[in-house]
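Biologist: I'm new to this one, so could you walk me through it and tell me how each label is earned?

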Amino acid sequence: MIDPRQSQRKTALVTGASSGIGREFAREFASHGYNLVLAARTVDRLRELATELEQRHGITAIPIRTDLSEPNAPQELYSEVRKRRIDVDILVNNAGFNVYGPFTQTNHTDELRLLQVNLVALVTLTKLLIPDMIERGFGRILNLGSTGSFAPAPFDSLYAASKAFVLSFSEAIGEELKGTGVTVTTLCPGPTQTEFAERAGMGDVKIFSGRLMSAQKVASIGYKAMIAGGTTVIVGLANRLQVWSMRFAPRSMVTKVAKGLMSRRRASLRADAQRA
């Protein structure tokens, strides 16, 4: 339960908080005096992060193990928060899952998990928490999109499609919620320095070549935009220019360019062929 002495602090719930952008969001909120509910599958990492943030910033951080690929997980997470009598003022739907490869060759069970985490869990947590925010007259929701929200991505088709859904959904309900005190922000970063690419087997994919923005920088930009009530935030000038150019190019061309960016580097392809 939240320490009564800190009852006037606002509380942020961050999913996927054990690593990457989610972990940096937790640090960002803690540095601004927010209490935290940290949700992810890896409970040891959550506990370490909670201890770090409590000691450094004097806030309360509660780690809750949850696997959002399980159908009942969003409701169970919400029920746990309610049981602890925590009012969630800010929801950060950061948790994400990816399945990389040609659609004809990818594992369908994994793809269903992707849809559960990226779409169903995000929608369900948003649905559950919005009424409480409206009743209090204040709330902030940040949903993690991607530059992939704006274009098809061959070899990463379901991930990009899921992020397109996140963008459309967020913009729509954000408009519905005007005047309630609750805002919805979609944060759309490009490739970022996290464990995400390696976990998805994408470390040698062209889009992750070159200099990548840090997770801390992405979280900082997202935090500021969300607190200000921003709607859609594309992180980085190069990414904004890329998305802007897509509006004027034929869809077929956009898809071909995306296919090139989502392909493995040639050296990796040769190595795969030699192993085969």
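Modeller: Sure. A helix here is a DSSP run of H or I at least four residues long, and the numbering starts from the N terminus. Keep in mind that this is a predicted model.

Biologist: What happens just after α4?

Modeller: Gly137 comes there, with a positive phi of about 80°.

Biologist: How do you know that the length of α4 agrees with what it should span?

Modeller: The expected span is 1.5 Å times one less than the number of residues. α4 (residues 108–136) has 29 residues, so it should span 42 Å, and its end C-alpha atoms are 41 Å apart, which agrees. Along the way, α4 bends by about 35° at Gln116.

Biologist: What makes Asn107 a cap for α4?

Modeller: A side-chain oxygen of Asn107 lies 2.9 Å from the backbone nitrogen of Thr109, at the N-terminal end of α4. A polar contact needs N or O atoms within 3.5 Å, and 2.9 Å fits that.

Biologist: Why do you say that Glu24 forms a salt bridge with Arg27?

Modeller: The cut-off is 4 Å between a side-chain nitrogen of Lys or Arg and a carboxyl oxygen of Asp or Glu. The closest N and O atoms of Glu24 and Arg27 are 2.8 Å apart, so the pair qualifies. Both sit in helix α1 (residues 20–31), 3 residues apart, about one turn of the helix. An α-helix has 3.6 residues a turn, so residues three or four places apart point the same way.

Biologist: Are Glu24 and Arg27 buried or partly exposed?

Modeller: Buried means under 20% relative accessible area. Glu24 has 13%, so Glu24 is buried. Arg27 comes out at 27%, so Arg27 counts as partly exposed. The two also belong to a network of salt bridges with Glu52 and Arg56.

Biologist: Which side chains does Glu80 make polar contacts with?

Modeller: Glu80, in helix α3 (residues 73–83), contacts the side chain of Lys83 at 3.3 Å and that of Arg84 at 2.9 Å. The Glu80 and Lys83 side chains also meet in a salt bridge, at 3.3 Å from N to O. Exposed means over 50%, so Lys83, at 60% relative accessibility, counts as exposed.

Biologist: And what makes Met253 partly exposed?

Modeller: Its relative accessible area is 46%; that falls between the 20% and 50% limits, so the label fits. Met253 lies in helix α9 (residues 251–261), and with Val257 and Leu261 it makes a nonpolar surface patch of about 250 Å².

Definitions and conventions:
Residues numbered from 1 in each chain as written. Predicted model: local features only at pLDDT ≥ 70, side-chain atom pairs only at ≥ 80, totals over all residues. Heavy atoms only, no water. Patch = residues over 30% accessible without salt bridge, like charges linked within 9 Å, V, L, I, M, F, W, Y side chains within 5 Å. Areas by Shrake-Rupley, 256 points an atom, 1.4 Å probe, with all protein chains shown as cover. Helix = DSSP H or I, 4+ residues; strand = E, 2+ residues; numbered from the N terminus. Buried < 20%, exposed > 50% of the residue type's maximum accessible area, 1.4 Å probe, protein only. Bend = angle between axes of the 7 residues up to and from the residue. Polar contact = N/O pair within 3.5 Å; in protein donor to acceptor, adjacent residues only side chain to side chain.
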